[in-house]
Amino acid sequence: MRIRRAGSADAEELSSLLNEIIRAGGTTALETPLSAAEFADWFIDGEFPLTCHVAEHDQSLVGFQSLSLYGDPPKGFADIATFARMTPSVGTALFPATRAAAEEFGLEFINATIRADNVSGLGYYTKMGFKTYDRLIQVPLQDGTPVDRIKKRFRVDAKHHTIPDA
């Protein structure tokens, strides 16, 4: 598997990957498919993305991970988003590049907000060293179904420090 920075030329294939995950439901807070242009704006080269890395396997893109400042996070924080086809090692392979980028940007924390019913996502972020610090209660989906959101954060210099659970 090869990890590299995403470029605008990847937007079509990555939006297709993301839209498959959105249509499957149950793992992302995103509920409306994105066009390639919207994808590029949200994750690659718009106002809020800091970086986006892709995982390539057998000449196709099997996942991506981004850091962004969408929603005006606190100073020193950026939000992470991870999307992958059902290949267990994709997120694990992407995280070192994302972490290195976070260090380059001088970030203190990477924030992940995960649906409480996304067992695999919660497990992934825990495995990567993220610690739970907050819970948003019963955030409604588009159809009105309430689903909690778990907020986890990763201290960028975690090899030297730990974050106490909130």
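**Notebook: a buried asparagine and its surroundings**

I began with N19, which counts as buried at 9% relative accessibility, since buried means under 20% relative accessible area. I note at the outset that I am reading a predicted model, and I keep that in mind for every entry below.

**Entry on N19 and helix α1.** I placed N19 in helix α1 and then looked up what it touches: leaving aside residues up to four places away in sequence, I found P33 and L34. Which other residues of α1 are buried along with N19? I listed A11, L14, S15, L17, L18, I21 and I22 beside N19. When I asked what covers the buried residues of α1, I found that the cover includes helix α2 (36-45) together with the strands β2 (49-57), β3 (60-68) and β4 (77-84).

I also checked the length of α1, which runs over residues 11-24. At 1.5 Å a residue its 14 residues should span 20 Å, and because the end C-alpha atoms are 20 Å apart, the expectation and the model agree. Just after the helix I noted G25, which follows α1 and has a positive phi, near 75°.

**Entry on the whole chain.** I counted four helices and seven strands in the protein chain, and along the sequence I read their order as β-α-α-β-β-β-α-β-α-β-β. The radius of gyration is 15 Å, close to the 15 Å that the globule rule gives for 166 residues, so I wrote the chain down as being as compact as a globular protein of that length. Taken along the principal axes, the C-alpha atoms fill a box of roughly 40 × 40 × 30 Å.

How much of the protein chain counts as buried? I noted 45% of the 166 residues. Turning to contacts between residues at least 6 apart in sequence, I recorded that 59% of them join residues at least 24 apart.

**Entry on surface and charge.** I noted that the chain exposes about 8,700 Å², of which carbon and sulfur atoms supply 53%. For the charges I looked up 17 positive and 22 negative ones, and their mean positions lie 7 Å apart.

**Entry on G121.** Last, I turned to helix α4 (residues 119-127), where G121 lies. Is G121 buried or exposed? With a relative accessible area of 12%, G121 is buried. I then compared its place with that of D58: the two are 63 residues apart in sequence, and from C-alpha to C-alpha they are 24 Å apart in space.

Methods. Residues are numbered from 1 along each chain as its sequence is written. This is a predicted model: local features need pLDDT of at least 70, side-chain atom pairs count only at pLDDT 80 or more; totals for chains, interfaces and linings use all residues. Side-chain values use heavy atoms; hydrogens and water are left out. Helices (H or I, at least four residues) and strands (E, at least two) are DSSP runs, numbered from the N terminus. The radius of gyration is taken over C-alpha atoms; the globule rule is 2.2 Å times the number of residues to the power 0.38. Buried means under 20% relative accessible area, exposed over 50%, partly exposed in between (1.4 Å probe, protein chains only). Contact means heavy atoms within 4.5 Å. Accessible areas come from the Shrake-Rupley method with a 1.4 Å probe; for residues, only the protein chains shown count as cover. Lys and Arg count as positive and Asp and Glu as negative; His and the chain ends are not counted. The place of a charge is taken as NZ of Lys, CZ of Arg, CG of Asp or CD of Glu. The expected span of a helix is 1.5 Å times one less than its number of residues.
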